[in-house]
Amino acid sequence: MSWLFDRISGARRSAPSEAPLAHPPPREVHGSLALAALWQELPPGGRLEVLDLGPPLGANVEFWGEAGARLHVGDLYGSLFAERDGSENESLAEILDLAEEERFDLVLAWDLFNYLSREEIASLADFLRRVCRPGALVFALVAIGKTIPAEPYVFRFAGPESLDYERRGDGEIAAPRWAPAEVAQAMPGFAVRRTFLLRHGVEEYLFARQG
Amino acid sequence: MVWKKAEEPALPPPVQPLRPAAPQASPPSQPPARRERASIGPSVYVHGELTGDEDLLIEGRIEGKVELLKHSLTVGKSGRVKADLYARVITVEGEVEGNLFASEQAVMRPSALLRGNISSPRVVLEDGSRFKGTVDMESREPEGVEAREPAPEAAAESGSWSSPAGESAPIDPAA
């Protein structure tokens, strides 16, 4: 997992020093067309098993609880941005604290792809293929602008079809500017089920695990 | 002379086991005395299974299992727990490595650090809390836990675990 730490720590080095902010970072609520589609795409029946790669947030726990889902909070972002303590060689399963038998119907990757190379996304996809059931969905947002925040957004559900974007810090780094075909190729074992280009500079993806 | 009267100590009530003071001993504006919860102080280390019939605050170290099925359990900021926790309401302010089974509500405060699963019909994660694990809000009675009434003698033994500062010898309830 050292490649992930190198990537993210490099992003942090390019961010300005962490002085107290004069103004709190803005939060914005945006509609999500992919979420609207997601509820149509999810397999019917049974209890939904959700893997959230983002941080633990009360609003999201409450949202999935009300939906009757079982939510695993992996906080991959938290692990990546934590101080390096020799755990860089942990596997993704260890970082996410997943039991061997756990399998998921939905993965929330948020904007993680903005901070990974194509090879790193492929490595993540390989892991997700093992922990996702056939037909499971992966929800991801990819920036299409020139720059992105130095740290990933924090996303909260503001409703079944809208997300609250919270920006952390005010540093900026160059965006990867993935083309849709590049994103699709970076996720072997997954097919792009739906994509939506949103006005605020984000392309939303719904991937489906094949097989 | 008024302050002399104010300083005049009230006569202590006769020795009575575990009963609040008689109402006439307190000024009418104050509420009746509330029975305090049991507590495990920061210097205390317990290895084993804790059960009880009252609320409990943990500020020390626990390894094993804690079961307070009808009561509230709080892991304070100094608490370091490596155990599965069973209670009606569980509040975490310190560190827990283990699973939480709360029949009513589980609360993670901003200072909480939890590595384990939460099973409770209501879960509150306050921003800033660190958590990694699964949240299951459609919980039923956890397997292996029998809903039972503690024997009368066990209830009488579940008094305060507070230890005077400086004592850090481990306590083995099985001894």
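The paragraphs below walk through a predicted model of two chains, A and B.

Let us start with chain A and how far to trust it. Its average pLDDT is 83, and 83% of its residues score at least 70. The beginning of the chain calls for care: across residues 1–22 of chain A the pLDDT falls below 50, although this stretch still has 33 contacts in the model beyond near neighbours in sequence. Keep that in mind if you plan to look at those contacts one by one.

In terms of secondary structure, chain A comes to 7 helices and 11 strands. Of its 211 residues, 39% are buried. If you take the contacts in chain A with a separation of 6 or more, 71% of them link residues that are 24 or more positions apart.

Chain B makes a useful companion to read next. It has 2 helices and 11 strands, and the elements follow a plain pattern from the N terminus: a helix opens the series, the strands come after it, and a helix ends it. Buried residues account for 34% of the 175 residues in chain B. For contacts in chain B with a separation of 6 or more, the share from residues 24 or more positions apart is 18%.

Now turn back to chain A and find its open sheet of 3 strands, ordered β1-β8-β7 with antiparallel pairing. The edges are formed by β1 (27–31) and β7 (154–159) of chain A, each of which pairs on one side only. From one strand to the next, the twist averages 30°. Looking at one of these pairings in detail, β1(A) and β8 (residues 162–166) of chain A run antiparallel and are joined by 5 bridges. A handy place to see this on screen is Glu28(A), whose bridge partner in β8(A) is Tyr165(A).

From the sheet we can move to the nonpolar interior. In soluble globular proteins, nonpolar side chains tend to be buried together. Here the largest nonpolar core has 93 residues, and those touching the most other members are Leu53(A), Val107(A), Ala109(A), Phe113(A), Val138(A), Phe139(A) and Leu85(B). Notice that this list includes a residue of chain B, Leu85(B), alongside residues of chain A. The element that gives the most to this core is strand β5 (residues 132–143) of chain A, with 9 residues. Ala109(A) is a good residue to centre your view on: setting aside neighbours within four places in sequence, it is in contact with Leu53(A), Val138(A), Phe139(A) and Ala140(A).

Right after Ala109(A) in the numbering comes a residue with a backbone worth checking. Trp110(A) belongs to strand β4 (residues 104–110) of chain A, and its phi is near 50°, a positive value in a residue other than glycine. Trp110(A) counts as buried because it has 22 C-beta neighbours inside 10 Å, where 20 or more are needed. A second case is Asp75(A), which has a positive phi of about 45° although it is not a glycine. Asp75(A) sits in the loop between β3 and α4 (76–81) of chain A. With 23 other C-beta atoms within 10 Å, Asp75(A) is therefore buried as well.

The last stop is where the two chains meet. This contact takes 16 residues from chain B and 13 residues from chain A. On the side of chain B that touches chain A, the elements giving two or more residues are β10 (123–125) and β11 (130–136) of chain B. Of these, β11(B) gives the most, with 7 residues. Sorted by class, that side of chain B has 6 nonpolar, 3 polar and 7 charged residues.

What does β11(B) pair with in chain A? Its partner is strand β3 (residues 70–73) of chain A, and the two pair in the antiparallel sense over 3 bridges. Within this pairing, Leu71(A) stands opposite Val135(B).

Val135(B) turns up again beside a glycine of chain A. Gly65(A) lies in helix α3 (residues 58–66) of chain A. Not counting residues up to four places away in sequence, Gly65(A) touches Val123(B), Val135(B) and Met137(B). Is Gly65(A) buried or partly exposed? Gly65(A) counts as partly exposed, because it has 19 C-beta neighbours inside 10 Å and a buried residue needs 20 or more.

Methods: Residues are numbered from 1 along each chain as its sequence is written. Chains are lettered from A and ligands numbered from 1 in the order in which they are written. This is a predicted model: local features need pLDDT of at least 70, side-chain atom pairs count only at pLDDT 80 or more; totals for chains, interfaces and linings use all residues. Helices (H or I, at least four residues) and strands (E, at least two) are DSSP runs, numbered from the N terminus. A residue is buried if 20 or more other C-beta atoms lie within 10 Å of its own, exposed if 12 or fewer, and partly exposed in between; C-beta atoms are placed from the backbone. Two residues are in contact if their C-beta atoms, placed from the backbone, lie within 7 Å. Ala, Val, Leu, Ile, Met, Phe, Trp, Tyr, Cys and Pro count as nonpolar, Asp, Glu, Lys and Arg as charged, and the others, Gly among them, as polar. Two strands pair if DSSP finds at least two bridges between them. Axes are lines fitted to C-alpha atoms, for helices over the stretch in contact, and angles run from 0 to 180 degrees between N-to-C directions. A nonpolar core is a set of buried Ala, Val, Leu, Ile, Met, Phe, Trp, Tyr and Cys residues joined through C-beta atoms within 7 Å. pLDDT is the predictor's confidence in each residue, from 0 to 100.
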